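Reader: Hi! Could you walk me through this one? I'd like to pick at a few residues as we go.

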Amino acid sequence: MCAALGRAVFTGKFLISGASLRPIDPLILSQARTTFSLLVLLPVLLAARGWQRIKLPAPDLIRCLLLGTLGVAASNYFYYVAIQRTNVAIAIIVQYTAPVWVLLYVVARGKQKISLQKVAAVGCALAGTALVIGLIGTKQTAGPAFRLDPYGLLAAVLASFSFAFYNVGGHSILARYDRWRVLTWTLISASTFWILINPPWKVLAAHYGGPEWTFLFVFSLLSVLGPFSLYFLGLQYLEPTRAIIASCLEPVFSIVLAAGFLGEILHPIQSVGIGLVLAAIVIVQRPGKGTSVQDSVVVDPIE
């Protein structure tokens, strides 16, 4: 849903009381969603727990800061740039190749052994992505539903790398701390990073009105605070084989909503590509022969 909402505000198709919102820059959308979420979450946690139950030792604090900047902030920004420059289908499916990058990482680190199952997963993901972005079987003149924008495609790939990074980093730190503490510090890190990159006076210079700021506030709660909280809970407790089928519904719903409400047309060959990528995700995260469930890596990108 949030992917379709983002695309709607980028293209001026989001209506409030019959009037469309002004297009919102992906940078400000990414900045507002983490900042507003932090402003809501931090006072609640301080009142309920106090500072002592939120603070972290210096080494883990640095890990959370890296997780917030290179993971959350980078993945959010590049993901929404990809949605703006291409379409929802391309952005979210390329993002969902993140499990492949995690797989290659854990194999390179010797944490898992290469197998026919893993090779098949990588092949499915690459073939599916090629079909979705139109490298195979779809002409670039196929119409407005398909736009292979090089910068948008690069942004989608960078988003998938960032998603993979915070999945690997988040999984390890959540083994030691509860999700609220980790979420708080990743949001502090991301918000501070955005203030340095895009100071408040630059945000105010965009001259957004009440409807735009209302949308940004509600959007931040829908797309960050709720999903991140549930996602971090899943990283702590869910087994990959139980989580992955449900996670694969996200790109399906996003693409269907974009088609229904924004008129984004999906070509049959791109539908085949989506199926291949989703199949690759399931294959990647199924425990292979001699691999326990606990050794598998759960990766579910969040918007």
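Reader: Let's start with tryptophan 101: does it count as buried, exposed or partly exposed, and what is its relative accessibility?

Author: Happy to help, and bear in mind that this is a predicted model. Tryptophan 101 has a relative accessibility of 27%, so it counts as partly exposed; the band for that label runs between 20% and 50%.

Reader: Thanks! Which helices and strands are there overall, I mean how many of each?

Author: The protein has 13 helices and 2 strands. Of its 303 residues, 51% count as buried.

Reader: And the surface, how much of it belongs to carbon and sulfur atoms?

Author: That share is 69%, out of an accessible surface of about 13,700 Å².

Reader: Now aromatics. How many aromatic pairs does the structure hold?

Author: There are 13 aromatic pairs. One of them joins phenylalanine 36 and phenylalanine 217 edge-to-face, with 5.5 Å centre to centre and 80° between the planes.

Reader: Which parts does that pair tie together?

Author: Phenylalanine 36 is in helix H2 (residues 26-49) and phenylalanine 217 is in helix H10 (residues 210-237), so the pair ties together parts 181 residues apart in sequence. Phenylalanine 217 is partly exposed, at 35% relative accessibility.

Reader: Back to tryptophan 101, what aromatic pair does it form?

Author: Tryptophan 101 pairs with phenylalanine 161, again edge-to-face: 5.0 Å centre to centre and 70° between the planes. This links distant parts of the chain, since tryptophan 101 sits in helix H5 (residues 98-108) and phenylalanine 161 in helix H7, 60 residues apart. Phenylalanine 161 is partly exposed too, with a relative accessible area of 39%.

Reader: Nice. Which residues form the aromatic cluster?

Author: One cluster is made up of Tyr79, Tyr80, Phe163, Tyr166, Phe215 and Phe219.

Reader: Changing topic: is serine 160 buried or exposed?

Author: Serine 160 is buried, because its relative accessible area is 1% and buried means under 20%. It lies in helix H7, which covers residues 150-173.

Reader: What does serine 160 touch, leaving out residues up to four places away in sequence?

Author: Serine 160 touches Val94, Gln95, Thr97, Ala98 and Trp101. Its C-alpha atom is 6.3 Å from that of threonine 97, although the two residues are 63 apart along the chain.

Reader: Last one! Among contacts between residues at least 6 apart in sequence, what share joins residues at least 24 apart?

Author: For the protein, that share is 86%.

How values were computed: Residues are numbered from 1 along each chain as its sequence is written. This is a predicted model: local features need pLDDT of at least 70, side-chain atom pairs count only at pLDDT 80 or more; totals for chains, interfaces and linings use all residues. Side-chain values use heavy atoms; hydrogens and water are left out. Helices (H or I, at least four residues) and strands (E, at least two) are DSSP runs, numbered from the N terminus. Buried means under 20% relative accessible area, exposed over 50%, partly exposed in between (1.4 Å probe, protein chains only). Contact means heavy atoms within 4.5 Å. Accessible areas come from the Shrake-Rupley method with a 1.4 Å probe; for residues, only the protein chains shown count as cover. Rings of Phe, Tyr and Trp (its six-membered ring) pair if their centres lie within 6.5 Å; planes under 30 degrees apart count as stacked, over 60 as edge-to-face and the rest as tilted.
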